[in-house]
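Subject: Structure handover

Hello,

Here is the structure I promised to pass on. Please open it next to this email, and my notes follow below.

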Amino acid sequence: MTNSADPHPAQIPGYDGGPYTPHPELLDEHLFWLAHLASCAHLEEAQELLFGPDYEAGEEFYRQVWDRADWPLFTVPLTAGHRFHVVYRTFDGDRGTDYLIHHPDWERAELLAQDDGHFMGPALSWPELAAAADNGIPGGSTDDPHARLLLLLPALGDHAVPGRAVARLAAALHARTTVEDPDRLAALLLTEQGQPGPAHWTTTEDGIRINDGHHSYRNPANHFALSAHHLARVSAALTP
């Protein structure tokens with residue numbers, strides 16, 4: 001097994017699949033972002049703004065991504081050596097995007113969200129998402145905070161998104177895509193959010209961030225939720 005501190009690991013402890021292959025070049029493709037963000041655009045207006053005249057081209061581009069034998073892997077570095085992995089699971093018949101967090105000292109990565117037909121999440125509150133995107137820590141798949149924000153956006157679910165978030169997301173859309181109205185699209189994406197939708201976040205007496213999402217691993221009320229110990233270490237890793 002390769003060093004789990006490697007920003008582009010050949011294996012992710014506790015997570016089967018692969019082979020994983022870093023594809024940072026995909027993050028420079030406008031068409032990649034259209035498909036990556038599609039699950040955040042539920043309403044017709046949002047879909048039209050996102051895809052514009054590029055719907056067919058985006059669909060073909062995404063088909064090529066899913067037809068790969070390898071599993072595209074993208075990584076966002078976090079504080080204290082933690083890393084957020086975004087894995088395109090190109091397994092025939094069970095395709096989807098998985099969002100995991102890991103640290104070299106952990107025995108296994110923690111799966112926090114799945115963007116597929118059997119979606120799970122949300123994984124992130126807005127403060128956690130913004131902090132991960134804007135932490136300035138070098139390494140991973142890209143140093144660009146706009147790309148990092150868009151990469152993690154489908155894992156977001158937060159009822160209390162601040163007003164400034166629209167401008168932040170619009171800046172990322174303007175920088176990484178060619179959509180015609182990034183401000184309007186940003187507002188719609190933050191209203192709808194990913195497949196699980198917005199959730200309410202609270203902090204326990206022990207300082208652990210949890211939510212009330214019915215499909216979230218970070219909701220201790222769910223029978224499939226992470227254990228208290230694992231919730232605590234995930235919360236600490238994502239503390240803004």
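Start with strand β2, residues 71-77. In this predicted model, 7 of the 7 residues of β2 are buried. Neither face is left open. Trp71, Leu73, Thr75 and Pro77 are buried on one side. Pro72, Phe74 and Val76 are buried on the other.

β2 has two partner strands to look at. One is β1, residues 20-22, which runs parallel to β2 and is joined to it by 3 bridges. In β2, proline 72 sits opposite threonine 21. The other is β3, residues 83-89. Here the pairing is antiparallel, with 5 bridges. Arginine 83 of β3 stands opposite proline 77.

β2 and β3 form a hairpin with 5 residues between the strands. Which residue there takes a positive phi? It is alanine 80, with phi near 55°. Alanine 80 is in the loop between β2 and β3. Its relative accessible area is 62%, so alanine 80 counts as exposed.

There is also a side-chain link to β2's threonine 75. A polar atom of the serine 141 side chain lies 2.7 Å from the backbone nitrogen of threonine 75. Serine 141 belongs to the loop between α4 and α5 (145-152). Is serine 141 buried or exposed? It counts as buried because its relative accessibility is 10%, and the cut-off for buried is under 20%.

That loop leads on to α5. Of the 8 residues of α5, 6 are buried, so the rest of the structure largely encloses this helix. The buried ones are Ala147, Arg148, Leu149, Leu150, Leu151 and Leu152. What do they pack against? Their neighbours are α1 (30-36), β2, β3, β4, α4 and α6 (164-176). So β2 turns up again here, as one of the elements packed against α5.

Next, α8, residues 228-238. Its buried residues are His230, Leu231, Arg233, Val234, Ser235, Ala237 and Leu238. An α-helix has 3.6 residues a turn, so residues three or four places apart point the same way. The cover over the buried residues of α8 includes β3, β4 (96-102), β5, α4 and β7.

Just before α8 there is a loop worth a look. Asparagine 222 is in the loop between β7 (209-211) and α8. It counts as buried because its relative accessibility is 13%. Leaving aside residues up to four places away in sequence, asparagine 222 touches Gly213, His214, His215 and Ser216.

Now some backbone details. Where are the cis peptide bonds? One runs from glycine 18 to proline 19, with omega near 10°. Proline 19 is in the segment before β1. Another joins glycine 121 and proline 122, with omega about 5°. Proline 122 is in the loop between β5 (110-115) and α4 (126-134).

Glutamine 193 also has a positive phi, near 65°, and is not a glycine. You will find glutamine 193 in the loop between α7 (182-192) and β6 (201-203). Its relative accessible area is 3%, so glutamine 193 is buried. Set that beside alanine 80, which is exposed at 62%.

Last, the whole protein. It has 8 helices and 7 strands. Its C-alpha atoms fill a box of roughly 45 × 40 × 35 Å along the principal axes. The radius of gyration is 17 Å. A compact globule of 240 residues would have one near 18 Å, so the two agree. Of the 240 residues, 53% count as buried.

Contacts reach across the sequence as well. Among contacts with a separation of 6 or more, 58% come from residues 24 or more positions apart. The accessible surface is about 10500 Å². Carbon and sulfur atoms account for 53% of that surface.

If you only have a few minutes, go to β2 and its buried faces. Then follow the contact from threonine 75 to serine 141, and finish at the enclosed helix α5.

Best wishes

Technical notes:
Residues are numbered from 1 along each chain as its sequence is written. This is a predicted model: local features need pLDDT of at least 70, side-chain atom pairs count only at pLDDT 80 or more; totals for chains, interfaces and linings use all residues. Side-chain values use heavy atoms; hydrogens and water are left out. Buried means under 20% relative accessible area, exposed over 50%, partly exposed in between (1.4 Å probe, protein chains only). Helices (H or I, at least four residues) and strands (E, at least two) are DSSP runs, numbered from the N terminus. Two strands pair if DSSP finds at least two bridges between them. Contact means heavy atoms within 4.5 Å. A polar contact is a pair of N or O atoms within 3.5 Å; within protein, one must be able to donate a hydrogen and the other to accept it, and residues adjacent in sequence count only if both atoms are side-chain atoms. The radius of gyration is taken over C-alpha atoms; the globule rule is 2.2 Å times the number of residues to the power 0.38. Accessible areas come from the Shrake-Rupley method with a 1.4 Å probe; for residues, only the protein chains shown count as cover.
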